[in-house]
Amino acid sequence: MKDDAAPIAGQAHQDTIHDSAIKHVTGRADYTDDLVEPTGTIHAYLGLSTCAHGRITGMDFTDTLAQPGVLGVLTADDLPGVNDVSPNGMNDDPILADGVVHFWGQPVFAVIAETRDQARRAAHKARIDYDALPHVLDPIAARDAGMGYVTDPLTLRRGDAAVAMADAPRRITGRFAVGGQDHFYLEGQIALAIPGEDDEVALHVSTQHPSEVQHMVAHVLGVPSSAVVVNVRRMGGGFGGKETQMNLFACVAAVAAKRWHRAVKIRPDRDDDMTATGKRHDFVIDYAVGFDDEGRIRAVEGDLYARCGFSADLSGPVTDRALFHADNAYFYPDVRLSSHPMRTNTVSNTAFRGFGGPQGAIMAERMVEEIAYALGLDPLEVRKRNLYQNGQLTPYHQEVQDQILPRLIAELEQSSYYQARRQAVLDWNARGGVIRKGIALTPVKFGISFTATWFNQAGALIHIYSDGSIHLNHGGTEMGQGLNTKVAQIVAEAFQCDISRIRITKTTTEKVPNTSATAASSGTDLNGMAALDAANQIKARLTAFVAENWKVAEDQVAFVPGHVRAGDQMIVFDQVIRAAYMARIHLSAAGFYKTPKIHWDRTTGQGRPFYYFAYGAAVSEVSVDTLTGEYVIDRADILHDVGRSLNPALDRGQVEGAFVQGAGWLTTEELWWDDKGRLRTHAPSTYKVPLASDRPRIFNVALADWSEATERTIKRSKAVGEPPFVLGISVFEAINMAVASVADYREPARLDAPATPERVLMAVERLRG
Amino acid sequence: MELRINGLARRIEADPDMPLLWLLRDVLGLTGTKYGCGVAACGACMVHVDGQAVLACQTLIGDIEGEITTIEGLGTPDAPHPVQAAWIEQQVAQCGYCQSGQIMAAAALLAQNPDPSDDEIDAAMQGNLCRCATYPRIRAAIRSAALRLEAG
């Protein structure tokens, strides 16, 4: 027998199909709402505030309690433990409003009834009276009204930006408003709590962060974490919206489950989900850039004001990351960047794919555009002149060591025929028609690691049963990104067995404790390494056993497809496992991983918060109708860096999806509050996520297959979830170019984001004078 | 009342004003059809009535005349419908939640129009949201399914 037998199915770096692919398309993949409900399951429904800021002066539930099927109502007074789901220990995130409401749509009470429909109808029968207080909705108004910060701001500095700015040959200042974004996960928030004996409770929750749900439920019940089990098999989309926002729902379900001693499910309507849960932060950015006559940046100053909502939630790390990415891919010789996490009477904003990074990166691209128009250069030329060189320091004093953008951009520029197409666009616009075109190439350099260094750890658990089947568990959660598939590929390759032998199991706090959120694009980096550690522990025991049992040296033992080789003997994997079991070899292992090298000191604003950077670039071409403001993306070409891809098909899917979602953020997705503080874009009828018809007409997506992570990441791959989201900026820049053409590019269009057709039309009219 | 669902006659004891979605999910346990928005604006609850795509969240069971087909009845893991097979081949699904609705929309389109143009695909699919934005692969899968169906 030979070692080079047919390779296993599903090893790393192959286009292995998503582990749920067949279930997804036949309606057999169970999401939380699809699980068979325990007998006697009852339902909770939230009652939301109808006041943006006010003191609660009365709560009358007489009519609610009289409705059919209603079992009771929960208010803040009914919570046995701590009324808080703040993820950062700031104690500012009540589960149910306690005396004061801070935004329109804040959960005030929950109705418990036999059916969901009964609970929902009864919730609307409650009467809550308020003594209204002044409310502030946007970040600049909040600054002017002295609302203060929800969390400590951050300033990054290197050199002396004020002096360098004064010395720069040219200077431009501006203000740029960048909108937020609703997650619009197709599966909304949901939790099912099942009471257990003593103080125990088990939950099924659509969550990116089972361990945090566990802690929050323990706090609100006043029980130790060991009494709470949280499970999630898969989510119908997360995008950051289930990193902290499901804690509240899980807590309400758990409290009701313990109080009525029945299983309790809670699932809000879409409108309530959109009204009551946090979103991507919108920002108002004041920038100043100093530069020379060649377009080289000398100095940058930026003040980034974020609408954080009424509480901190994740606004601290989100606004920090906005600063970390306010350089996008460019070296700022002297720099000062300050965050202003403003308190507002709106829902508390939270994580969303990119986590503040895209909002920072677009500031850099706005400055590039200003410089290019001031000097009459192609913005791409300005971009190239300012790219980092290895050895240069970021504003947070991390040395860039893995720069690949010059090659990546050059390849994309060629493969997309950027120069010829830009000339064609200029020629087209010179004819002066109604339809104007724009084209832009924008890069991304995205820092990978949680900036909270302690989150960069993960665990995994592998059992091999005596029949040779393998049970795989890890702390990450599956939300469509293919994490489970990639981790299974890593384990399959380690044992050299087909991926079909590996059972992917639900994420549960019972198997891997103290996990971090599946967030920051880090799921595979962390959990893949932890699973590999577990596999290697078992392999080491098996290697020693095989050497002894088959009487060869340990270096004569190797795992080969479907077999273990011992010298010149080939033993079928199942047979090795059976023999190992009989010889009392431990066939289970818990793996662990922590990211090396990273450190970050927020007080000095210096460190190495990121293990490495992921890079990419996109060229987008658009056509804009200058009579209606409508536009289409004619073509997009992307070249993206995922290191040595663990699964190119899954990775390309992430790149495609992130790009379209990023373009949606900057074009059609507009959140709009009225002056009373009501979100009026709370359903797909008013809030426009990209449709099939919004995808680029021509869409070429490629991975930079020559790239390899310079650090020792899992099989030299790189994270993929968030970085390509930033490439949506190329669409926004292309629209800006098309609009600027109506004034012959004398000045940039300076569109605020999102560039809705209304905004585009207004900009066209303003530029035409 | 009696309804034919996935080839079986089912006796139903429920309020005729109940939306079909809740009959399928809560009464019959056919959970492949999903709740997305409840206002007929996302497509996650799409099923067929006599081969026509309808949104189950806004279809009252008392109004239904015809045979209902859900994603579970379109095909199975062992015997997938050509559209489902194309979906697997093109690796369309990411989170998967909207995909049963997408597939039902695509199957209804191809039953009426075996060779749709890109614009016809966009028009037929524009009521089905996918937040993972798998749209490029959905289009590729519809093309692939059209070829499979043509080949029989």
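How many helices and strands make up the secondary structure of chain B? In this predicted model, chain B contains six helices and five strands. Followed along the sequence, these elements appear in the pattern β-β-α-β-β-β-α-α-α-α-α. The radius of gyration of chain B is 15 Å, close to the 15 Å that the globule rule gives for 152 residues, so chain B is as compact as a globular protein of that length. Its C-alpha trace spans about 40 × 30 × 25 Å along the principal axes.

Burial and contacts add to this picture of chain B. Of its 152 residues, 55% count as buried; a residue is counted in this way if 20 or more other C-beta atoms lie within 10 Å of its own. Among the contacts between residues at least 6 apart in the sequence of chain B, 63% join residues at least 24 apart.

We turn now to chain A, beginning with a sheet. Five strands of chain A form an open sheet with mixed pairing, in the order 7-15-14-13-8. Strand 7 (155-158) and strand 8 (170-178) of chain A stand at the edges, and each has a single partner strand, so one side of each is left without a neighbour in the sheet. From one strand to the next, the twist averages 10 degrees.

Within this sheet, strand 14 (residues 297-309) and strand 15 (residues 334-343) of chain A pair in the parallel sense over 10 bridges. The reader may locate A:Ala306, which stands opposite A:Pro341 in strand 15 of chain A. A helix also meets these strands: helix 9 (residues 315-324) of chain A lies across strand 7, strand 13 (283-291), strand 14 and strand 15 of chain A. Helix 9 of chain A runs at about 155 degrees to strand 15 of chain A.

Another helix of chain A deserves attention. Helix 7 (residues 247-260) of chain A has 14 residues and reaches 20 Å from its first C-alpha to its last, close to the 20 Å expected at 1.5 Å a residue. Is this helix enclosed or exposed, and how many of its residues are buried? In helix 7 of chain A, 12 of the 14 residues are buried, so the helix is largely enclosed by the rest of the structure. Among these buried residues are A:Leu248, A:Phe249, A:Cys251 and A:Val252, and also A:Asn247 and A:Lys258. An α-helix has 3.6 residues a turn, so residues three or four places apart point the same way. After helix 7 of chain A comes A:His261, whose phi is positive, near 50 degrees.

Methods
Residues numbered from 1 in each chain as written. Chains lettered and ligands numbered in written order. Predicted model: local features only at pLDDT ≥ 70, side-chain atom pairs only at ≥ 80, totals over all residues. Helix = DSSP H or I, 4+ residues; strand = E, 2+ residues; numbered from the N terminus. Rg over C-alpha atoms; globule rule 2.2 N^0.38 Å. Contact = placed C-beta atoms within 7 Å. Pairing = 2+ DSSP bridges. Axes fitted to C-alpha atoms, helices over the stretch in contact; angles between N-to-C directions. Expected span 1.5 Å × (residues − 1).
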